[in-house]
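Student: I have a chain to go through and would like each label justified. Can we take the terms one at a time?

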Amino acid sequence: TPKPSSAASDVYKRQIIYLWRQVQASAKRCEDKLDLCHAEHGKAQDELQVLSVRVGKLEGQLEVLSSK
């Protein structure tokens, strides 16, 4: 098998390095988006808990009113 020339080998290596950096950058963007989703999910869970407490209080008030 013929041995690749040094210039062709260098080009190939640069392409691999370029593609690897693109993959790393893409992975970082995905991690950032995932972190944002986790933060938003946490906020939504907190809001849901607050709403659940409010609904419980309203149900209690409704029971008091309906028993009169």
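**Labels and cut-offs**

Tutor: Lysine 43 has a relative accessible area of 47% and is partly exposed. Keep in mind that the model is predicted.

Student: Why is lysine 43 called partly exposed?

Tutor: Exposed requires over 50% and buried means under 20%. Lysine 43, at 47%, is therefore partly exposed.

Student: What makes glutamate 40 and lysine 43 a salt bridge?

Tutor: The cut-off is a side-chain nitrogen within 4 Å of a carboxyl oxygen. The N to O distance here is 3.7 Å, so the pair qualifies. Both residues lie in helix H1, three residues apart, about one turn of the helix. Glutamate 40 is also partly exposed, at 41% relative accessibility.

Student: How many salt bridges are there by this rule?

Tutor: There are two. Lysine 28 and aspartate 32 form one of them, with the closest N and O atoms 2.9 Å apart. These residues lie four apart in helix H1, which spans residues 6–66.

Student: Are lysine 28 and aspartate 32 buried or exposed?

Tutor: Neither label fits, because the values fall between 20% and 50%. Lysine 28 is at 45% and aspartate 32 at 36%, so both are partly exposed.

Student: How do you know that the protein is not a compact globule?

Tutor: A compact globule of 68 residues would have a radius of gyration near 11 Å, whereas the protein has 29 Å. The C-alpha atoms fill a box of roughly 95 × 20 × 5 Å along the principal axes. The protein has one helix and zero strands, and buried residues make up 0% of its 68 residues.

Notes: Residues numbered from 1 in each chain as written. Predicted model: local features only at pLDDT ≥ 70, side-chain atom pairs only at ≥ 80, totals over all residues. Heavy atoms only, no water. Helix = DSSP H or I, 4+ residues; strand = E, 2+ residues; numbered from the N terminus. Buried < 20%, exposed > 50% of the residue type's maximum accessible area, 1.4 Å probe, protein only. Rg over C-alpha atoms; globule rule 2.2 N^0.38 Å.
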